[in-house]
Amino acid sequence: MFDMVKQWFWYDWIMLILRLIICISLILTMVEVQEQLTLPLWAAVFWEIIAFSVPWLILLLNFRYYLVAEMILYGGICLYLSFLFPEAYLVFLMPAFMIAANSAQKSYRWSGPITILVIPILINMVSIQSNPWLTIAHTGLAYAIGFAFHLLVVNHRQNEIIRDQNTVLEQYLSQIERVTLLEERNRLSKDLHDTVGHSYTSIIMGLETLRPELSTKLGEDKLDSLLHLARRSIDEVRGYVHQMDSPQDRLPLVQSLKQLIDEFQANSKVNVRFRALGDECSLPKQTQMTFYRCLQESLTNAVRHGHATEIVVSLQFEQRQTRLEVQDNGQGAENLQEGFGLTAMKERAFNLQGQISVYSELGEGTVVTCTLPRQMELPDQVIRLLLVDDQPFIRESLRILLEGQRDLQVVGLAEDGGQAVAMCEQAQPQVVLMDLDMPNMDGISATKMIKQHWPDIRVLILTTFQEKEKAIEVLRSGADGYLLKSMEPRELAETIRLVHRGGAIIAQDMSTKLFEELGISQIETEAQSAETKSMDPYGLTSRELEILELVAKGLRYKTIASRLYLSDGTVRNYASTVYLKLGVRNREEAVQKAVEAGLL
C-alpha cells in the first residue's frame with residue numbers, strides 16, 4: 001500500500017484532503033448535536049470513521065467496489081442524518097463529487113443515476129424536505145463538478161503517459177542512432193581490413209617477387225623504399241581500423257547493459273532491476289550487440305505497449321550459452337503481434353544460431369528470453385603460430401594475413417625444417433604451418449622430429465602440390481592437416497583454430513584423391529550403389545547433400561560457412577550447383593524437390 005501512495009499525483013492528495021476535511025467536520029457536528037442523535041455518540045463517530053476509511057482503502061484496490069462501498073456507507077449516514085435533520089442532505093454532496101471523480105471505464109452509466117436520482121429520492125422519503133428537486137439539483141451539480149474533475153485527471157494522466165512515451169521514444173531513437181553508427185563503423189572497419197589490407201598484402205607479395213630480378217643497387221634501394229612505404233601504409237590502415245572501435249564496443253557486456261538500464265531509468269519512471277549470474281566471459285561484438293538491442297527493444301516495448309512500472313533483467317552466463325531474460329509487470333497480451341522490432345531481434349539471434357522466445361499473458365506481463373550459444377573470442381587465449389616456408393614473400397604475406405586475426409600470433413618465421421625444429425624449442429608454438437619442399441630439411445622430416453619431441457604441437461601442412469603419395473606420407477608422419485595455399489585467408493584462419501582445438505582436416509580435393517587411393521571410395525560405391533541410384537538421381541556429392549540439409553533447416557549461407565569452416569562464397573557456389581542439378585531457382589523449391597526425391 002505504501003508503494004501505491006508513493007505513486008500518487010497532486011489530484012490524489014486533493015481528494016484525500018477534502019475527504020478528511022468532510023470527515024472531521026461531520027464528527028465535530030455530531031459532537032455538537034449528540035443529544036439529538038438516536039444512536040450513542042461513539043457509534044455514530046465509529047460509523048463515520050468506517051465510512052471515511054473503508055471506501056478509501058477499497059479505492060486503492062478496485063474502483064468499482066469503492067463506488068458501491070461509498071454509496072452504501074456514506075449514503076447510509078446521509079439517510080440517517082436526513083431523517084433527524086432535513087438540511088443534512090448536504091453531507092452527501094462531497095461523496096457525490098468523489099463518486100463522479102472515481103467513476104472510470106464507463107462506470108458513470110450506473111453510478112450517475114444512483115447518485116443523482118436514487119439516493120436523493122431515498123433521502124427525501126425519510127426526511128421532511130418539501131422540495132425534492134432541490135436535493136436532486138444540488139446532488140447533480142456536485143456530481144457534474146466531480147465528473148469534470150475526473151476529465152481533468154484523465155487528461156493529466158494521458159499527458160503524463162504521452163510525455164513518458166515521448167521520453168522513451170527519444171531515448172530509443174538516440175540509442176538506435178548510436179547503435180546504427182556503431183554497426184556502420186564496424187562494417188567500415190571490416191571492409192577496410194578485408195579490401196585495403198588485402199590489396200597492400202598483394203602489393204607487398206608482388207614487390208617481394210621482383211627482388212631476385214633486380215640486380216642493381218639502385219633497383220634494390222628503390223624496392224626497399226616501396227616495401228617500406230607499403231608496410232607503413234598498411235600499419236596506418238590497421239591503426240585507423242582500431243581507432244574506429246568506439247568506447248561502447250570495448251565495454252564488457254554487463255557494464256554495457258547496466259549503462260543502458262541507467263539511461264533508461266533516468267528518462268522514464270520505471271524501476272528496472274538488473275542481476276548478472278555466473279562468471280562473466282568475453283563475448284564477440286556481434287553477440288554483445290544482439291543482447292544490447294534485445295534489451296533495448298524489450299525495455300521500450302514494456303513501457304510503450306505494456307505500460308509496465310517495474311522490469312527485472314537477468315543475464316546468466318552458462319557453460320554453453322548466455323541467456324538474457326527481461327520480465328515486466330505490464331498489461332501483457334493474449335495474442336502478441338510481432339512488429340518490426342521483435343522480428344529484427346529474432347533475425348539477429350538466428351544469425352548467431354540462437355533464439356528469442358516471448359511469453360505474454362493478459363494481466364500477467366511479458367517475458368522476453370534471448371539465448372545465444374557461447375562463441376567466445378577470448379583475447380587471453382591467443383594461438384601461437386610458427387610459419388615455415390623457404391620463400392620470404394610467402395612467409396611475410398602469411399604473417400601479415402594471420403596477424404590481422406585477433407586470436408592469432410606469429411611467434412617465429414623459419415626458412416627450412418631445421419630452423420623450424422630449433423624454433424619449436426625456443427618459441428614453443430602451438431601450431432606450425434609447414435611447407436613441404438624446402439632445402440636442408442623438408443617438411444615431412446621436420447614434422448616427424450617435431451612430433452617426436454613435442455607431440456602437443458599441432459602441425460598443419462600448407463603446400464601448393466596435390467601429390468597423393470606425399471599427402472599419405474605426411475599424414476603418416478603425424479601431421480594434423482593438409483591444406484593448399486590457394487585457400488582463402490578466412491578459411492585458413494578457421495582451419496588453424498579447428499586444428500588447435502584438436503581437429504584434423506584435409507583439403508577437399510586431396511581428400512577425394514586419398515580416398516580413391518586407399519580404396520575407400522570404391523567400397524562405399526559398391527555398398528551404396530543401389531541406394532544411390534534410387535535416392536539420388538541428380539548426382540549430388542556428399543558435400544552438396546550436406547549443404548542441402550543445412551539449407552533445408554533454414555540456415556543462412558554465413559551460418560553454414562561458419563559451421564563447415566568454409567568461406568561464404570564457397571557455400572554459395574555449392575548451393576548454386578545444387579540448384580542447377582535439381583533444376584530449381586531458389587532454396588524453397590530445392591528443399592521441396594529434395595523432400596519429394598527422398599534426398600532429405
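I began with Asp 435, which is buried, with a relative accessible area of 5%; this is a predicted model, and I read every value below as computed from it. I took the cut-off for buried as under 20% relative accessible area. When I looked up where Asp 435 sits, I found it in the loop between strand 8 and helix 15. The UniProt record, an unreviewed entry, lists Asp 435 for "modified residue: 4-aspartylphosphate", and I note this as coming from that record.

From Asp 435 I turned to the elements on either side of its loop. I noted that strand 8 (residues 431-434), helix 15 (residues 443-453) and strand 9 make up a β-α-β unit, and that this unit is right-handed. Strand 8 and strand 9 are joined in the parallel sense over four bridges, and within strand 8 I picked out Met 434, which stands opposite Ile 461 in strand 9.

I then followed strand 9 to its other neighbour. Strand 10 (residues 481-484) also pairs with strand 9 in the parallel sense, again over four bridges, and here I recorded Leu 483 in strand 10 as the bridge partner of Leu 462.

How many residues of strand 9 (residues 458-463) are buried? I counted six of the six, so strand 9 is largely enclosed by the rest of the structure. Sorting these residues by face, I found Arg 458, Leu 460 and Leu 462 buried on one side, with Val 459, Ile 461 and Thr 463 buried on the other, and I therefore entered both faces as covered. The division into two sets fits the general rule that in a regular strand the side chains alternate between the two faces of the sheet.

Next I looked up the sheet to which these strands belong. It is an open sheet of six strands in the order 7-6-8-9-10-11, with parallel pairing. At its edges I found strand 7 (408-414) and strand 11 (505-506), each of which pairs on one side only. Strand 7 is joined to strand 6 (residues 383-388) by six bridges, the two running parallel, and I noted Ile 383 as standing opposite Leu 408 in strand 7.

I went on to a second open sheet, which has five strands in the order 1-2-3-5-4 and mixed pairing. Its edges are strand 1 (271-277) and strand 4 (355-361), each with a single partner strand, so one side of each is left without a neighbour in the sheet. The twist from one strand to the next averages 10°. Within this sheet I checked strand 3 (residues 321-328) against strand 5 (residues 365-373), and they pair in the antiparallel sense over eight bridges; Thr 366 in strand 5 is the bridge partner of Asp 328.

For helix 10 (residues 253-267) I compared the expected span with the model: at 1.5 Å a residue its 15 residues should span 21 Å, and the end C-alpha atoms are 22 Å apart, which agrees. I then listed its buried residues, which are Leu 253, Val 254, Ser 256, Leu 257, Leu 260, Ile 261 and Phe 264. They cover an arc of only 165° around the axis, which puts them on the same side of helix 10. An α-helix has 3.6 residues a turn, so residues three or four places apart point the same way.

Last, I looked at Ala 51 in helix 3 (residues 41-59). Ala 51 is buried, with a relative accessible area of 0%, and its C-alpha atom is separated by 7.2 Å from that of Glu 70, which is 19 residues apart from Ala 51 along the chain.

How values were computed:
Residues are numbered from 1 along each chain as its sequence is written. This is a predicted model: local features need pLDDT of at least 70, side-chain atom pairs count only at pLDDT 80 or more; totals for chains, interfaces and linings use all residues. Side-chain values use heavy atoms; hydrogens and water are left out. The expected span of a helix is 1.5 Å times one less than its number of residues. Buried means under 20% relative accessible area, exposed over 50%, partly exposed in between (1.4 Å probe, protein chains only). The arc is that of the directions from the helix axis to the C-beta atoms. Two strands pair if DSSP finds at least two bridges between them. A crossover is right-handed if, with the strands pointing away from the viewer, the path from the first strand over the helix to the second runs clockwise. UniProt positions are given in the numbering used here, feature names are shortened, and annotations may be inferred rather than shown by experiment. Axes are lines fitted to C-alpha atoms, for helices over the stretch in contact, and angles run from 0 to 180 degrees between N-to-C directions.
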